[in-house]
Amino acid sequence: MLKQPDKDEFAGAMYTEVKHMLDNQVWEKVPRQEMLDYHAMLKKLGISVKRKQLMLIWSFKRKRHAGGSLAKYKARLCCHGGQQQWGVNFYAPYAYVVSWAAARTMMIMSKLHNLHTRSIAFVLASPQAEVKSIIYLHPSAGTILKTNEENAALTIRKNLYGLKDAGRT
């Protein structure tokens, strides 16, 4: 994606996303030894860990108006949920679900009370809740983070998009 002609716009969107994550304190920098000690403790308990750190990945999108014209560039920093291990990084997968009955009830109530309905988008909806399990991250290339030191790791404090149980916390 960053080889496209509009890569500068996506780089700006990446910067904005990381700034929001830092402002909301989604992760914190910890000594790498803390991560190694945690995984050594899991090993003593007989829990084999396939990955010590989960990868961060970028999701890019060009948002468009109804007419097809370009509205904005969106970059979302996600955790690679496929690398999570049950019993180590998560305990129950979860997905956001709204039943059709609830959606129809809201539409009927808005019609009965002469209310105008529209769709809304929440900025950083998932990274608001605290995380219940201990998850360490490995920053990917281009995350604009200064944690590439060998003695540092990232640990999640709040949800990230892509986690298997992100909606449950």
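Which residues of helix H2 are buried? The close-ups below work towards that and other details of this predicted model.

**View 1. An overview of the protein shows three helices and five strands.** Starting at the N terminus, the order of the elements is α-β-α-β-β-α-β-β. The protein has 169 residues, and 33% of them count as buried. Take the contacts between residues at least 6 apart in sequence: 74% of these join residues at least 24 apart. Keep that in mind as you move through the views, since several of them bring together distant stretches of the chain.

**View 2. Helix H2 has its buried residues on one side.** The answer to the opening question is Met 35, Tyr 38, His 39 and Leu 42. These residues sit on the same side of H2 because they cover an arc of only 90° around the axis. The spacing of such positions has a simple background: an α-helix has 3.6 residues a turn, so residues three or four places apart point the same way. Among the elements covering the buried residues of H2 are strand S1 (27-31), S4 and strand S5 (152-156). Now look at the face turned away from the buried side, where you will find the exposed residues Lys 43 and Lys 44.

**View 3. Helix H2 is shown from end to end, with the glycine that follows it.** H2 covers residues 32-44, which makes 13 residues. From its first C-alpha to its last it reaches 19 Å, close to the 18 Å expected at 1.5 Å a residue. After the helix comes Gly 46, with a positive phi near 85°.

**View 4. Ala 153 is a buried residue with partners from elsewhere in the chain.** Ala 153 belongs to strand S5. How buried is Ala 153, in relative accessible area? The value is 2%, so Ala 153 counts as buried. Leaving aside residues up to four places away in sequence, Ala 153 touches Glu 28, Lys 29, Val 30, Arg 32, Met 35 and Gln 53. One of these, Met 35, is also among the buried residues of H2. Glu 34 is worth finding too: its C-alpha atom and that of Ala 153 are separated by 8.5 Å, although the two residues are 119 apart along the chain.

**View 5. Strand S2 pairs with both S3 and S4.** With strand S3 (residues 70-79), S2 pairs in the antiparallel sense over nine bridges. One pair to look for is Ile 57 and its bridge partner in S3, Cys 78. With strand S4 (residues 136-138), S2 (residues 54-64) runs parallel, and two bridges join them. Here Leu 54 has Leu 137 of S4 as its bridge partner. Five residues lie between the strands in the hairpin of S2 and S3, where Gly 68 takes a positive phi near 100°.

**View 6. Two cysteines, Cys 78 and Cys 79, have sulfurs too far apart for a bond.** A disulfide is a covalent bond between the sulfur atoms of two cysteines. How many disulfides does a search of the whole structure find? The search finds zero. For Cys 78, the closest cysteine sulfur is that of Cys 79, and because the distance is 8.7 Å, it is too far for a bond. The closest cysteine sulfur to Cys 79 is likewise that of Cys 78. Cys 78 is buried, with a relative accessible area of 12%, and Cys 79 also counts as buried, at 2%.

**View 7. Two salt bridges complete the tour.** Side chains of opposite charge can pair when their charged atoms come close. In one salt bridge, Arg 62 meets Asp 6, with the closest N and O atoms 2.8 Å apart. This pair links distant parts of the chain, as Arg 62 is in strand S2 and Asp 6 is in the segment before helix H1 (7-23), 56 residues apart. Is Asp 6 buried or exposed? Asp 6 counts as buried at 13% relative accessibility, whereas Arg 62 is partly exposed at 27%. In the other salt bridge, the side chains of Asp 23 and Lys 19 meet at 3.0 Å, N to O. Both residues lie in helix H1, four residues apart, about one turn of the helix. Asp 23 is partly exposed at 49% relative accessibility, and Lys 19 is partly exposed at 42%.

Methods:
Residues numbered from 1 in each chain as written. Predicted model: local features only at pLDDT ≥ 70, side-chain atom pairs only at ≥ 80, totals over all residues. Heavy atoms only, no water. Pairing = 2+ DSSP bridges. Disulfide = S-S within 2.5 Å. Buried < 20%, exposed > 50% of the residue type's maximum accessible area, 1.4 Å probe, protein only. Expected span 1.5 Å × (residues − 1). Arc of directions from axis to C-beta. Contact = heavy atoms within 4.5 Å. Salt bridge = Lys/Arg side-chain N within 4 Å of Asp/Glu carboxyl O.
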